[in-house]
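Dear colleague,

I am handing over the structure below, and I would be glad if you could look at it alongside the notes that follow it.

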Amino acid sequence: MQTAHECATRNKFKAFLIISNPQVFAIFGSGNVAVAIIAKLTGYMLSLLGSYRDLFVMCVAVALTTRFQQVNKILLHNKGKSMSPNFYAEHRLYHRKLVSLVTDVDKAMSSITLLALSNNLFFICTSLLNSL
């Protein structure tokens with residue numbers, strides 16, 4: 001809004017929209033403020049959606065890591081102790097189930113992870129381009 005404030009026009013909000021979304025006005029014409037508002041809101045919603053997607057990917061990764069840490073903590077706690085073969089068989093089975101879960105989650109989330117990575121990479125490249 002600072003740039004719009006310095007502009008000599010009477011409608012500062014329209015000046016802000018023209019400066020922040022010149023591509024919308026180039027396509028739809030300079031008098032179409034409603035389309036520019038919708039485009040701006042859509043951009044904000046997509047940014048918010050991308051943040052939630054990134055947060056979801058991070059939460060799933062942290063949850064799976066925590067489960068593996070729990071298994072390792074139990075095994076390290078019992079290291080050097082005389083435990084029954086059932087104890088190790090049970091924990092080996094639990095570890096195999098976790099590995100199977102990671103494989104299933106990887107298959108299910110690979111496209112989401114790729115989308116999040118490519119979106120973040122695009123954002124970084126765009127920010128670098130605009131900073132030049």
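A residue is called buried here when its relative accessible area is under 20%, exposed when that value is over 50%, and partly exposed in between. Please keep in mind throughout that this is a predicted model.

On confidence, the mean pLDDT of the protein is 85, and 92% of its residues reach 70 or more. Among the elements, helix 5 has the highest mean pLDDT, at 91, whereas helix 1, residues 2–6, has the lowest, at 52. Where pLDDT is low, the predicted coordinates should not be read in detail.

Turning to the aromatic residues, a search of the whole structure finds one aromatic pair. Phe-87 and Tyr-88 make up this pair, and their rings are arranged edge-to-face, with 5.2 Å from centre to centre and 80 degrees between the planes. The pair counts as edge-to-face because the angle of 80 degrees between its planes is over the cut-off of 60. As for exposure, Phe-87 has a relative accessible area of 14%, which is under 20%, and therefore this residue counts as buried. Tyr-88, with a relative accessibility of 39%, lies between the two limits and so counts as partly exposed.

The pockets come next. The largest pocket has a volume of about 540 Å³, and its lining draws two or more residues from each of helix 4 (33–77) and helix 5 (85–131). Fifteen residues line this pocket, and Gly-43, Ser-47, Asn-119, Phe-122 and Phe-123 are those that lie nearest its centre. Helix 4 provides the largest share of this lining, with eight residues. Sorted by class, the lining of the largest pocket holds nine polar, four nonpolar and two charged residues.

The second largest pocket encloses about 160 Å³ of space. Its lining consists of Ser-20, Asn-21, Gln-23, Val-24, Ala-39, Lys-40, Gly-43, Tyr-44 and Ser-47, and you will see that Gly-43 and Ser-47 also appear among the residues nearest the centre of the largest pocket. Helix 3 (22–28) and helix 4 each supply at least two residues of the lining of the second largest pocket, and helix 4 gives the most, with five. Here the classes divide into five polar, three nonpolar and one charged.

If you have time, you might begin with helix 4, which gives the largest share of the lining in the largest pocket and the most residues to the lining of the second largest pocket.

With best wishes

Terms used: Residues numbered from 1 in each chain as written. Predicted model: local features only at pLDDT ≥ 70, side-chain atom pairs only at ≥ 80, totals over all residues. Heavy atoms only, no water. Phe/Tyr/Trp six-rings, centres within 6.5 Å; stacked < 30°, edge-to-face > 60°. Buried < 20%, exposed > 50% of the residue type's maximum accessible area, 1.4 Å probe, protein only. 1 Å grid on protein atoms, 1.4 Å probe; cavity = no way out; pocket = protein on both sides within 12 Å on 5 of 7 lines; lining within 4 Å. Points joined across faces, edges and corners; volume = space filled by probe spheres on them. Helix = DSSP H or I, 4+ residues; strand = E, 2+ residues; numbered from the N terminus. Nonpolar A, V, L, I, M, F, W, Y, C, P; charged D, E, K, R; others polar. pLDDT = per-residue confidence, 0-100.
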